[in-house]
Amino acid sequence: MASAKSSRSRPAGHSGVFPVNAAAGAGGGDGGVQLADKLKIFKTGNFDPDAYVQSKCRTMNEKEIRHLCSYLQDLKKASAEEMRRSVYANYAAFIRTSKEISNLEGELVSIRNLLSTQSALIHGLSEGVQIDSLTTRPEGSEEQNISTVEDQEPSELQKWCTDFPDLLDVLLAERRVDESLDALDKAERIASDAKQKGTLATADILALKRVVSENRQKLSDQLAEAACQSSTRGVELRAAASALKRLGDGPRAHSLLLSAHDQRLKLNMQTVHPSSTSYGGAYTASLAQQVFSVIAQALSDSVEVFGDESSYASELVTWTTKQAMSFALLVKRHALASCAVGGGLRSAAECVQIALGYSDLLEARGLSLSAVLMKQFTPSVEQALDSNLRRIDESTAALAAADDWVLTYPPTGIRPFARSSAGNLALQPKLSSSAHRFNSMVQDFFEDVEPLVSLQLGDSTMDGLLKIFNSYVNLLISALPGSVDDEVNLEGLGNKIVRMAETEQQQLALLANASLLAEELLPRAAMKLYSMNPASMDCMRKRVLDKQNRAGEQREWKRKLHRTLDKLRDSFCRQHALDLIFTEEGDTHLSAEMYINMDHTVEEPEWVPSLIFQELYAKLNKMASIAADMFVGRERFTTLLLMRLTETVILWLSEDQSFWEEIEEGPRVLGPLGLQQFYLDMQFVILFGQGRFLSRHVHQVILDIIDRAMAAFSATGMNPDSVLPSDDWFIDVAHETISRISGKARVANGEREVNSPTASVSAQSMSSVRSRGSY
């Protein structure tokens, strides 16, 4: 039937052979033929699979046939793997049911033997009754029959029956098991033939059967006693089990076989003594060698004597599971417990790998014990994993308390990012001392945790690493000035003390630490973990899907790292924005009064951008200069950071309800001078931020802010265009301020470059604002 299965398993894309499903699905176009009718050919007694395959594959070439065979092999392996998983998923119920079936079979055998004995007894009694004794016979006939029997010589068969008990006594005494079994089988055949042919009296047959039954039990007890002896090994043990099975006592024989191996295992394990000074891996290896060698021998003996019968296989799996459980508990108690408490992740992983290595040797023989082992090992390994991660967190926090937040290359004794040399010195990461320590410990951690991929603990590992990175970022946030007032940032820090980053260079170093870890160092270290194949796959499609899943998990993990990094960046920008907007006394540098009051003073204003926006540009310019040395090769991060700082200030202005309530609904309206100053401030931000510090979104927000201010001015009945100078005037004033703050001359003659990109962009922005509707 193998060929028939091949023809039904072949994909529909191959000519000549079609799957049954496809045939059934095409029932409407096949004359209404049902699937059951199509399968009748396989149910006939004279079905020839070879002829069927030849008829279907006659038009296929060699390449197609090879492809079909390869496909069927993959399908067979996948089916076997699926069946194995299904069996182990419900193995407890399967074993319980198998044992109940085995016990029921034993009871049925006992009942059958009892009924056979009772039937023979009744049959003998019925034949022994002389019906003709009730009839009248001539006197002296009884005496004549007795004298005839006494005068008759015993037959050879009767002589053999008479000598048989003595022969069995000799064979059993000399422990000639095979000969004893042969004699018992011969006696049973003779009794059966004599009953059918009437060559023996019923009493003789019953006596012979009684002798056979008694000696069978005697031989069975003798074999069981021999199997229980500790000196019985190998061939003798298998011979005793085979003899018991031949006697019809297979369940007892199998139980005695496993019991003998269990006794041997207990004796062998007494030679393996754990000690406080012994190496956990050595203890695990010694213990595993003793346990799994006995399990392998028991498996071989069981298969050799009993074959693959389900009842015996179930009992064998139950026994091996029990031994594996005992082994796992010993390893957990004497090797993994200390590793878990001390955070010895590498030692714990090595012990588990050794145990699974021995277990995998039995996989090829159809016995999988890895799930049993991992059920016991996983809690200890996870505890060691947590202890390791906690050690990284605590060690990094201790260094953060004394970190000067100065970026340096890896010091001596710290794991480098790449091998140091004059040619690749630039490839080494520049981090502060606590970040170097964090990176080094994480690199060591990934080497220790690499074996855990095969234990399917990769997800726990990555989640734990993300957790300690988040903890380190919280430390960096707490190092920012002003973070002591932020309860959200201090949440989860406990009693950890962090040295404050006072200068802007130190504060940017915090971001350099987190960005290099999140964007390069941690993902590159984790790549080895994700690139490993956690389990051997038999089917190509499974391998492809597994690879795609791991790639998706890696992308998601990187996104989580960046979200944690964004938390630090947002805290940095928020605190610098607050420093710009508010004074130390809590007053604001950016209020509606600063624009409204301009039309109520007698002094002629000095037309320069407001101080807060000049300070914003100066801060951005300074940070850009510092970041150029810190973020080499990561200029995009610098650009996004400075854009975010500008965005924080502008969004605060856009969303400040008190500011706009004063402008739009206050007792004093926004006058021409105030509008001109506000317009100059916004155009100044557009001019210095274009292409460096300003995103498209924030650019649009500024245009909306200008539009709102001009609408508020128009509500007073005046036209903004009638009071605002030309666009060139705003561009000139903004450029003068930019040149003064940055220290760069505009052009050689001191005039604005009319065709410059910033000038054209600014002019376009002004034109677009002034052309919006009518005010």
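In this predicted model, Phe730 has a relative accessible area of 1% and therefore counts as buried. A good way into the structure is to ask what this ring meets. Phe730 forms an aromatic pair with Tyr679, with 4.7 Å from centre to centre and 55° between the planes, an arrangement classed as tilted. The two partners come from distant parts of the chain, 51 residues apart: Tyr679 belongs to helix H27, and Phe730 to helix H30 (residues 727-742). Tyr679 is buried as well, at 0% relative accessible area.

This is one of 20 aromatic pairs found in a search of the whole structure. Another involves Tyr595 and Phe678, whose ring centres lie 5.2 Å apart; their planes stand at 80°, so this pair is edge-to-face. It helps to recall that a pair of aromatic rings is described by the distance of the centres and the angle of the planes. Here too distant parts of the chain are linked, since Tyr595 sits in helix H23 (residues 593-596) and Phe678 in helix H27 (residues 672-689), 83 residues apart. Tyr595 is buried, at 1% relative accessibility, and Phe678 is buried at 3%. Ring pairs extend this arrangement into a cluster made up of Tyr595, Phe659, Trp660 and Phe678.

Tyr595 also leads to the nonpolar interior, because Tyr595 is one of the residues in contact with Phe613 under the 4.5 Å cut-off. Leaving aside neighbours within four places in sequence, the other contacts of Phe613 are Leu590, Ile650, Leu653, Asp681, Met682, Phe684, Val685 and Phe688. Phe613 is part of the largest nonpolar core, which holds 145 residues; together with Phe327, Phe377 and Trp405, Phe613 touches the most other members. Helix H21 (residues 504-531) supplies the largest share of this core, 13 residues. A second, separate core has 10 residues, among them Ala253, Leu257, Val305 and Tyr312. As a general background, nonpolar side chains tend to be buried together in soluble globular proteins.

Trp405 deserves a closer look. This residue lies in the loop between helix H17 (370-400) and H18, and it is buried, with a relative accessible area of 2%. Trp405 has a positive phi of about 55°, although it is not a glycine. For comparison, most residues other than glycine have a negative phi.

Where on the surface do nonpolar side chains form a patch? Leu104, Leu108, Ile111 and Leu115 form one there, and together they have about 390 Å² of accessible area. Ile111, for example, lies in helix H7 (residues 91-128). With a relative accessible area of 46%, Ile111 is partly exposed.

Charged side chains add another kind of link. Side chains of opposite charge can pair when their charged atoms come close. The count for this model comes to 11 salt bridges. In one of them, the side chains of Asp262 and Lys266 meet at 3.5 Å, N to O. Asp262 and Lys266 are four residues apart in helix H13 (residues 250-269), which means that about one helical turn separates them. Is Asp262 buried or exposed? At 18% relative accessibility, Asp262 counts as buried, because the limit for that class is under 20%. Its partner Lys266 is exposed, at 54%.

A second salt bridge joins the side chains of Arg346 and Glu447, at 3.9 Å from N to O. This pair links distant parts of the chain, 101 residues apart, with Arg346 in helix H16 (residues 345-360) and Glu447 in helix H18 (residues 433-449). Arg346 is partly exposed, with a relative accessible area of 46%, and Glu447 is partly exposed at 36%.

A third salt bridge connects the side chains of Arg644 and Glu647, 3.4 Å apart from N to O. These residues are three places apart in helix H25 (residues 635-655), and about one helical turn therefore lies between them. Arg644 is partly exposed, at 23% relative accessible area, whereas Glu647 counts as buried at 17%. The pair also belongs to a network of salt bridges that links Asp566, Arg569, Asp570, Arg644 and Glu647.

Technical notes. Residues numbered from 1 in each chain as written. Predicted model: local features only at pLDDT ≥ 70, side-chain atom pairs only at ≥ 80, totals over all residues. Heavy atoms only, no water. Core = buried A, V, L, I, M, F, W, Y, C linked by side-chain atoms within 4.5 Å. Buried < 20%, exposed > 50% of the residue type's maximum accessible area, 1.4 Å probe, protein only. Patch = residues over 30% accessible without salt bridge, like charges linked within 9 Å, V, L, I, M, F, W, Y side chains within 5 Å. Areas by Shrake-Rupley, 256 points an atom, 1.4 Å probe, with all protein chains shown as cover. Salt bridge = Lys/Arg side-chain N within 4 Å of Asp/Glu carboxyl O. Phe/Tyr/Trp six-rings, centres within 6.5 Å; stacked < 30°, edge-to-face > 60°.
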